[in-house]
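I sat down with this entry to see how the chains are built and where they meet. My notes follow the order in which I looked things up.

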Amino acid sequence: MGGIARWKLILVLAVFALGAYYLYPTYRYYFMLSPEERAADRDLRSKIIHLGLDLQGGMHVILEADLSQVPAEEAKDALDRVVEILRNRVDQFGVSEPVIQKQGEDRILVDLAGVLSEEDVRDLIGKTARLEFRMCKPATVASQVVDRLDRALAARTPDTTQARPLSSKFALFYNSQYGVPTGAFVTEADIPAVNELLKSLAADSLLFGDTDLFWDHETHTIGEVKGKILHFVDKTIEIPGDQVANAERRFDLDYERPNAPGVSITFSNRGATRFAQVTKANVGNHLAIVLDNVVRSAPVIREAIRGGRASITGSFTDQESLVLATVLRAGALPLDVKIAEERTVGPSLGRDSIEMGLKAGVLATVGTVLFMLFWYKGSGVIAVVALALQMFLLLAGLAALRGTLTLPGIAGIILTIGMAVDANVLIFERIREELRNRKTVRAAIDAGYTRAFMTIFDSNLTTLIAALVLFQYGTGPIKGFAVTLSIGLIANMLSAVLVTRMIFDLITSRRRLERLSI
Amino acid sequence: MQILVNTNFDFMGKRRWAYLVSGMATLISIGSLVLHGGPRLSIDFTGGSFVEVRFDQPVNIADLRSAMEEVRLPSAEIQKVGTENDYIVRMNEEEVAKLSREALGKEISDPFGVIQHAVGKRMPGVGVSLRRQETVGPKIGGELRNQSIKAVLVALVLLLIYIGFRFPGLSYAVCAVVALFHDVILTLGVFSLLDREVSLTVLAALLTIAGYSINDTIVVYDRIREELKAHRREPLEQVINRSVNLTLSRTMLTGLTTIMAVCALYFVGGTVIHDFALAMLIGILWGTYSSVFVASSLVVSWENWRQSREPGRRRGARRPTPEAARSA
């Protein structure tokens, strides 16, 4: 077949074959495998086009670590350890293919796909999870502390008649009969006020001595009144959390609540020894189990415990206990983190977005194809072939780059469908013009392509510049848009210019055309 | 099927009308923006929380408002969207963090949890599910603002450099960029008039429009260059006018197909991509308009103004021929 250089034909076929090679895994994964098979085939998963969080459903979180307590040289290491521990936690919790990355000096990016319950995820990645075992202070010491606090507060507002501003808010104080063996019981309504008072005194550590005041984790109902217990806990950490070797969720830990979930803790050898010592020396006293400065429980020590095990019970939900066990196993974060940004897409919206994106894509494609056929008749068919090839190359390119498809990415694809036509329009309008100026078909085609090429190149390049800037400065979904737009433009130049030219050459080499359907 | 061939509209002659239209549109846009204190920024730039929820039955928006008031969030903005009992609730993040323990009796740390709780109290039996939720802290909001401004500036500079390189001569590059500014400001203006939010995706649309606008303009400039070379003795205004006419069918056609594609996105694409599609739609309309009526007209005006500053020379005698580094 004369008319087309052999190398050009081979090149096009090679590109096509390469494209098919890159796209096949994606086709297989989404259209030929069942969900179980998909989950199992990790190798295949590494070769496909992934769906972004906005299409899959999931959580995107940016954590900011508090580096204020950490000297500069250790900051990098501390952040690395946080990443490691978070990865551990997320892995153990069973989230598939999480993305956890450092960002800058003090930020961590976490992308979790397909996650349903955000509150648990917040606990999973946001909790420092610093576990401490400390002794509770006896009533005598607690009273002294409260006295000092009361006096300090009263001294601040001398004209008030309230001599005991703090303890007047305690409904009960160290009252075993009503279930408050350690600490003060504060009704719900008074909790904010107590917090305010304590905060105002926080700077003066002399008042507190060696006592920390921590709230209990849950609300209790005593009589008909709801409130929380404020515990008085020794500052000394008898056993730190890093002595915990293992933590498990179990359902058999609470005698009073059978089948209630709880967490069973196993200490390391050193921890177990220490635990035995502490319990032996403190029979009859209360041991506070403190997690992130909140008292989970404060049971009384009945005897020395040699087995190196402890349990945390309380009103957990199943999920909460699972998260707690996971978090304790993986270890406490060396830095406190807080959530600086969070974006969550529920699975229903994810599915809807895919559906709507596809619908819009089909609509745009059908509209464009019909238009091309109607406007350019025979030559329109060539343009449509070029469009099909362009879409194929775009998807293949995305697969080859292991890209992620997001909703803006789909918008980018749709945009390139609309703009793809431009190259063909430029060429065909030129050909029409040359034909009007009485050139031969062959000459008109030549002139059309030659004149139009530079313009096509220029104009695609400027849109490409905008896309590159968006890629550089954009976040997740917008990066997806920039990628599909860029690949689409490049694919457009290839197929609209090279391939359509080849097809025209093929047609005109066969026979001498008097007229061109254009 | 051929239309718009052999047209000979006097675009350049009538350019004063175009300036009038553009001038008024620009004034209205800037006026609206100033009146509203700038474009309405989404939480991406201001920080805050945004929740889109779906109810399993039709609800009264007044009920929703009182539910939010009861959990001490009276300033939460509520808006119905879409067609399926979907609502968007916007909240100030600090308020959410502060109230969770006090008003709700338990530790709820996420905005959707707050809404769920409120709905459960006020409208029991009504199910509410999460479509999507976003919370942006104030620090990150500020950073995104700065990053966005940087992105816009970098894009402008790069585009300016590129045009300057392909079409040397100050007039072409500057007029193209002015047309670009015009397109972006007018798009922002319409957004401001319609009281729509400018989010990160809308910003992405604006940058894309910038690329498209320059794209369109370059096609005309290319033609101008070609015509100037072929007709060296013709006055500039005439050559430019003819070039615009010659590229008219292409400009319209490409505008049409792109708008068709964007319309598909706008009508069928769903709430998430809605604002993006709207921005693209408005931007492409303005971009097409400016390529035909504004960019080239400005070049003519510029050159005429330059001529008039050099007395003793005939009008149109000297023309800037944008010699390219590589010829077409």
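These entries go from whole chains down to single residues.

**Entry 1: the model and chain A overall**

I note at the start that this is a predicted model. I counted secondary structure in chain A and got 15 helices and 17 strands. Next I checked the radius of gyration. Chain A has 35 Å, whereas a compact globule of 518 residues would have a value near 24 Å. The box along the principal axes agrees with an extended outline: the C-alpha atoms of chain A fill roughly 110 × 55 × 50 Å. I then looked at burial. In chain A, 42% of the 518 residues count as buried. I also looked at contacts between residues at least 6 apart in sequence. Of these contacts in chain A, 71% join residues at least 24 apart.

**Entry 2: domains**

I looked up the domain assignment for both chains. Chain A is divided into domain 1 (6-49 + 346-510) and domain 2 (132-314). Their C-alpha centres lie 65 Å apart. For chain B, the assignment gives domain 1 (15-42 + 140-308) and domain 2 (48-136). Here 40 Å separate the two centres, taken over C-alpha atoms.

**Entry 3: where A meets B**

How many residues does each chain bring to the contact? The contact takes 58 residues from chain B and 58 residues from chain A. I then asked which elements of chain B supply at least two residues each to the side that touches chain A. They are β5 (128-136), α6 (138-166), α8 (200-230), α9 (236-268) and α10 (271-308) of chain B. The element that gives the most to this side is α8(B), with 13 residues. By class, the side of chain B that touches chain A has 29 nonpolar, 19 polar and 10 charged residues.

**Entry 4: cores**

I went to the largest nonpolar core, which has 132 residues. The residues with the most contacts inside this core are A:I414, A:L470, B:A176, B:L207 and B:A210. I picked A:I414 for a closer look. Leaving aside neighbours within four places in sequence, A:I414 is in contact with A:A360, A:G361 and A:A364, and also with B:A261, B:A264 and B:L265. Apart from the largest core lies another, of 72 residues. Among its members are A:V233, A:L324, A:V345 and A:L349.

**Entry 5: helix α11 of chain A**

A:L324 led me to this helix, as A:L324 is one of the buried residues of α11(A). Helix α11 of chain A runs over residues 318-330 and has 13 residues. From first C-alpha to last, α11(A) reaches 19 Å, close to the 18 Å expected at 1.5 Å a residue. I listed the buried residues of α11(A): A:S321, A:L322, A:V323, A:L324, A:A325, A:T326, A:V327, A:L328 and A:A330. What covers them? The cover includes α5 (72-93), α6 (118-126), β5 (131-135), β11 (244-250) and β12 (262-267) of chain A. Just after α11(A), A:G331 takes a positive phi of about 110 degrees.

**Entry 6: A:T266**

One of the covering strands is β12 of chain A, and A:T266 lies in β12. Is A:T266 buried, exposed or partly exposed? A:T266 counts as partly exposed because it has 15 C-beta neighbours inside 10 Å. Leaving aside neighbours within four places in sequence, A:T266 is in contact with A:A245, A:N246, A:G308 and A:R309. A:T266 and A:A245 are 21 residues apart in sequence and 5.7 Å apart in space, C-alpha to C-alpha.

**Entry 7: two positive phi values**

A:A129 sits in the loop between α6 and β5 of chain A. Phi of A:A129 is near 70 degrees, a positive value in a residue other than glycine. A:A129 is buried, because 22 other C-beta atoms lie within 10 Å. A:N259 is in the loop between β11 and β12 of chain A. A:N259 also has a positive phi of about 70 degrees although it is not a glycine. With 7 C-beta neighbours inside 10 Å, A:N259 counts as exposed.

**Entry 8: B:I43**

My last stop was B:I43, in helix α2 (residues 43-46) of chain B. B:I43 counts as buried, because it has 22 C-beta neighbours inside 10 Å. Leaving aside neighbours within four places in sequence, B:I43 is in contact with B:G48, B:S49, B:F50, B:E134 and B:V136. B:I43 and B:T135 are 92 residues apart in sequence and 7.7 Å apart in space, C-alpha to C-alpha.

Terms used:
Residues are numbered from 1 along each chain as its sequence is written. Chains are lettered from A and ligands numbered from 1 in the order in which they are written. This is a predicted model: local features need pLDDT of at least 70, side-chain atom pairs count only at pLDDT 80 or more; totals for chains, interfaces and linings use all residues. Helices (H or I, at least four residues) and strands (E, at least two) are DSSP runs, numbered from the N terminus. The radius of gyration is taken over C-alpha atoms; the globule rule is 2.2 Å times the number of residues to the power 0.38. A residue is buried if 20 or more other C-beta atoms lie within 10 Å of its own, exposed if 12 or fewer, and partly exposed in between; C-beta atoms are placed from the backbone. Two residues are in contact if their C-beta atoms, placed from the backbone, lie within 7 Å. The expected span of a helix is 1.5 Å times one less than its number of residues. A nonpolar core is a set of buried Ala, Val, Leu, Ile, Met, Phe, Trp, Tyr and Cys residues joined through C-beta atoms within 7 Å. Domain bounds come from an automatic or database domain assignment. Ala, Val, Leu, Ile, Met, Phe, Trp, Tyr, Cys and Pro count as nonpolar, Asp, Glu, Lys and Arg as charged, and the others, Gly among them, as polar.
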